[in-house]
Amino acid sequence: MREDQAAHRDDGPGRSSRPDRSARPVRLGPRAVTALALISAIGVVAFGWPLLADSDAALSGHAQDAPWLFAALLPLLVGVVVATIADGGMDAKAVAMLGVLAAVGAALRPLGAGTAGLEPMFFLMVLSGRVLGPGFGFVLGSVTMFASALLTGGVGPWMPFQMLSMGWFTMGAGLLPGADRLRGRAELLMLAGYGFAAAFAYGTAMNLYGWTIVPGLASGISFREGAPVAENLVRFGAYVLATSLGWDLGRAALTVVLTLAVGPTLLKALRRATRRAAFEAQVTFEAAKTSPEG
């Protein structure tokens, strides 16, 4: 039996193999890409329906029902995760790493979620998505948020929105350029910048969900059913500034600090673990050679 490691390539006779840094443990196949595109499109509508519905739309008459209707995204999100695992050929070692990282992320989230938005799990998602790729990143982000909700008792209609947002957040880190070449301080600065911006994007997406069901502090920032898009955009901007900007800033700042402080060590550990696990290794069997006497 011989294992041809997918994480290494043969450089020819007389040369030692070296790691192929472009290898990813989870590759998005056609079905997974289709499913991911579908759930992303539905997710955009689920998050942005208040801005997409004009004053004459029938949907605006059911503003209070829509968030609960879109909570049905949860089984579809779970289906995307399952499809990604099946279509990507995720083996036992990749599933084990997914479980470990999801458990660590779920354990990190409660450490600071109640204090000024400080959530240390975000930096782990950025670094994991960078090393393990966008396919693994989406699965990891969604599963981590699901596990965190079960751990903290945060199961509710908001959970599928959190899973989708975190899946996008982690997948985005895997889509950053220079995965094969960019290393060192330049890579850390790029990851820190992404983490800072994406932390605000995550908070803004979740605000779109909460804006329609959580009463505003004043009529000037509340969602107004049937109002023109421009007016509701102004109201939404005021809602973000009044209710969550401080939390988003704390989340973004902590992500930057932890990425710069712990990033070099954790990136090295994740890359070493990925190479040693040799995800997607092809196992082949060779006929045993027999001696003339045998």
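1. Contact here means heavy atoms within 4.5 Å. This is a predicted model, where local features need pLDDT of at least 70 and side-chain atom pairs count only at pLDDT 80 or more, while totals for chains, interfaces and linings use all residues. Residues are numbered from 1 along each chain as its sequence is written, and side-chain values use heavy atoms, with hydrogens and water left out.

2. Start with F47. Setting aside neighbours within four places in sequence, F47 is in contact with F161, L164, S165, W168, A205, M206, L208 and Y209.

3. F47 also shows up in the largest nonpolar core (buried Ala, Val, Leu, Ile, Met, Phe, Trp, Tyr and Cys residues joined through side-chain atoms within 4.5 Å). Of its 57 residues, F47, L101 and M166 touch the most other members. The largest share, 15 residues, comes from α5.

4. Now α5 itself, residues 121-152 (helices are DSSP runs of H or I, at least four residues, numbered from the N terminus). Its end C-alpha atoms are only 14 Å apart, against the 46 Å a straight helix would reach at 1.5 Å a residue. There's a bend of about 140 degrees at G133 (the angle between axes fitted to the seven residues ending there and the seven starting there), and P134 follows within four residues.

5. Of the 32 residues in α5, 26 are buried (under 20% relative accessible area, 1.4 Å probe, protein chains only), so the helix is largely enclosed by the rest of the structure.

6. Right after α5 sits G153, with a positive phi near 75 degrees.

Key:
Helix = DSSP H or I, 4+ residues; strand = E, 2+ residues; numbered from the N terminus. Expected span 1.5 Å × (residues − 1). Buried < 20%, exposed > 50% of the residue type's maximum accessible area, 1.4 Å probe, protein only.
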